[in-house]
Amino acid sequence: MGLLNKMNSYAHKSELRESKDEIVVGEIIRGLSHQGWSCHQVAATTDRQQVGFKLAGDDVLSAVYLVIDRRTGSGAVSQALGSKTTVAIAAEARNKVSDPDDLAAMWRTDLGNLFKVPVHGEVRVNHQLNKIVARTHFLVDLDDYVQGTNVNAAALIPWLLDQVGNLREHLRPHKK
Amino acid sequence: MSALTPETQVHWTGPDGAQQGPVPADQVVSRIQAGELPASTMLWWPEAPGWTPADQVPGLAEHLAAAPAPAPAGAPAPAGPDPAAAAPSEGSADSAAPGAPGADGGHATDALMAGLSDQELDDEFIGLVDRSWEMFKETEKASTIDEAIVAGIVTALVDSGFVLIDISTGVQHALRFEVPTTGARVTIDLQHLTADLASAKTIGHRAELVVGYGERLGNAGQIGQALRGEVASSFVATPEPGTVSFDADISSGYVYARIELYLEPERYIDDSMAVDHDLLRRHIAALVHTLRTFVHTRFAS
């Protein structure tokens with residue numbers, strides 16, 4: 001393929017200011033890779049980026065997934081919320097083998113989830129036999145991290161690690 | 001077949017075919033010796049391979065050889081097409097209750113597990129699950145090693161002061177980075193060529209990598225037009241590895257040099273999916289350095 005057509009594959013965000021969410025995703029990948037996490041999933045579209053990491057050696061978590069969703073900015077609900085970006089964090093614990101007791105635990109979890117909506121930091125745990133996932137959502141103002149050409153994401157990774165730590169504690173009782 | 005001890009709890013079938021027990025084996029033996037039951041009375045106990053005539057059970061046959069002839073004309077086997085299908089579960093809490101055999105899930109299932117302890121069965125189960133995880137991880141690595149490379153490249157460039165400004169994924173990963181202070185850009189296109197396990201195991205993992213380096217020029221439009229004519233006159237439809245070519249992104253005023261290479265992802269990603277960041281950064285640095293030189297040389301005027 002000739003190079004001249006190659007550039008058409010990009011979204012052509014010709015200005016840096018159009019790329020705040022991508023910039024944040026780049027900082028997340030870099031910051032969490034330096035934690036020793038192994039990235040195994042990168043799925044990106046125009047408005048939504050999802051990255052997944054394996055956590056080798058973690059005593060509870062097997063994987064963490066983060067979604068940066070800019071679609072928050074459309075629709076009636078989103079208009080009410082403003083144009084902030086949704087950051088979804090899901091932490092996954094895996095038990096190699098499930099046993100009949102897990103059925104009872106699943107039932108209790110489902111009951112506990114009845115009225116739980118995992119927004120604004122609320123944590124919802126989904127128990128699927130040998131896989132248990134805790135997830136939460138936040139509305140984040142990316143201007144906190146990217147201002148023009150000035151990128152300051154130093155606080156982003158510690159904040160994410162705090163949230164993952166919170167999810168880890170929700171999953172710890174389920175880890176065998 | 002293991003020998004019975006006098007204390008072994010056994011089930012047996014009465015003259016009418018009804019299941020009885022469990023009772024100690026010596027009680028059944030006494031009744032056979034007393035002529036109340038035939039020597040061919042069917043017995044079952046947890047270690048038995050199935051329902052067995054008493055006079056064929058090791059350890060009992062000798063005692064029963066001199067037993068009186070049975071009053072009833074033979075004892076029928078328990079109901080069901082398979083004698084083993086009436087066997088009670090080993091260690092079942094229900095096994096002492098009348099009619100317990102089969103109450104917890106099927107006698108054939110118990111017969112299937114005959115001769116194997118719970119521990120042995122658990123160990124075999126865990127072994128199968130462990131091996132499955134090993135195979136799953138091989139498959140997972142084959143399908144995700146390109147994402148690990150992408151993350152490694154992002155880390156190398158963002159560590160160096162670039163910011164990620166474009167990312168799209170699919171069969172091919174396309175990324176674009178920019179240095180905020182200078183506007184210099186690096187583009188990365190990565191396509192995993194061996195995403196299925198069979199290919200990866202046969203020839204090893206391979207990926208196609210296209211790296212570009214670009215800078216904003218005031219007359220990028222004119223340069224782009226010139227480059228289009230240049231490429232149109234070229235006979236090289238698909239650049240071979242190592243060939244540097246040029247492009248212009250007229251909408252943003254950038255000119256690029258790029259190079260196409262083949263990559264062995266396993267040089268950078270180990271079996272635990274950990275990334276050799278130093279080696280990856282070293283290789284990306286070498287490519288960007290060369291391409292920047294090409295851009296500066298080609299468009300210096």
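In chain A, A:V125 sits on strand β5 and has A:A134 of strand β6 as its bridge partner. This is a predicted model, in which local features need pLDDT of at least 70, side-chain atom pairs count only at pLDDT 80 or more, and totals for chains, interfaces and linings use all residues. Residues are numbered from 1 along each chain as its sequence is written, with chains lettered from A and ligands numbered from 1 in the order in which they are written.

Let's stay with those two strands. β5(A) covers residues 124–128, β6(A) covers residues 131–140, and the two run antiparallel, joined by five bridges. Strands count as paired if DSSP finds at least two bridges between them. Now look at the side chains of β5(A): A:V125 and A:H127 point to one face and are buried, while A:R124, A:N126 and A:Q128 point to the other face and are not. Buried here means that 20 or more other C-beta atoms, placed from the backbone, lie within 10 Å of the residue's own (exposed is 12 or fewer, partly exposed is in between). In a regular strand, side chains alternate between the two faces of the sheet.

β6(A) has another antiparallel partner: β4(A), over 10 bridges. Within that pairing, A:T85 is matched with A:V140 of β6(A). β4(A) runs over residues 85–94, and seven of its 10 residues are buried, so the strand is largely enclosed by the rest of the structure. β4(A) also pairs with β3(A), residues 63–69, again antiparallel, over seven bridges. There, A:I68 stands opposite A:V87.

Stepping back, chain A has five helices and eight strands, in the order α-α-β-β-β-α-β-α-β-β-β-β-α along the sequence. These are DSSP runs numbered from the N terminus (helices are H or I, at least four residues; strands are E, at least two). Of the 176 residues in chain A, 34% are buried.

Over in chain B, take helices α4 (residues 118–159) and α7 (residues 277–298): their axes come within 9 Å and cross at roughly 70 degrees. Axes are lines fitted to C-alpha atoms, for helices over the stretch in contact, with angles from 0 to 180 degrees between N-to-C directions. α4(B) and α7(B) are therefore roughly perpendicular to each other, a label for angles of 65 to 115 degrees (under 35 is roughly parallel, over 145 roughly antiparallel, the rest oblique). The contact involves residues including B:I153 and B:L157 of α4(B) and B:L280 and B:I284 of α7(B), where contact means C-beta atoms, placed from the backbone, within 7 Å.

How values were computed:
Two residues are in contact if their C-beta atoms, placed from the backbone, lie within 7 Å.
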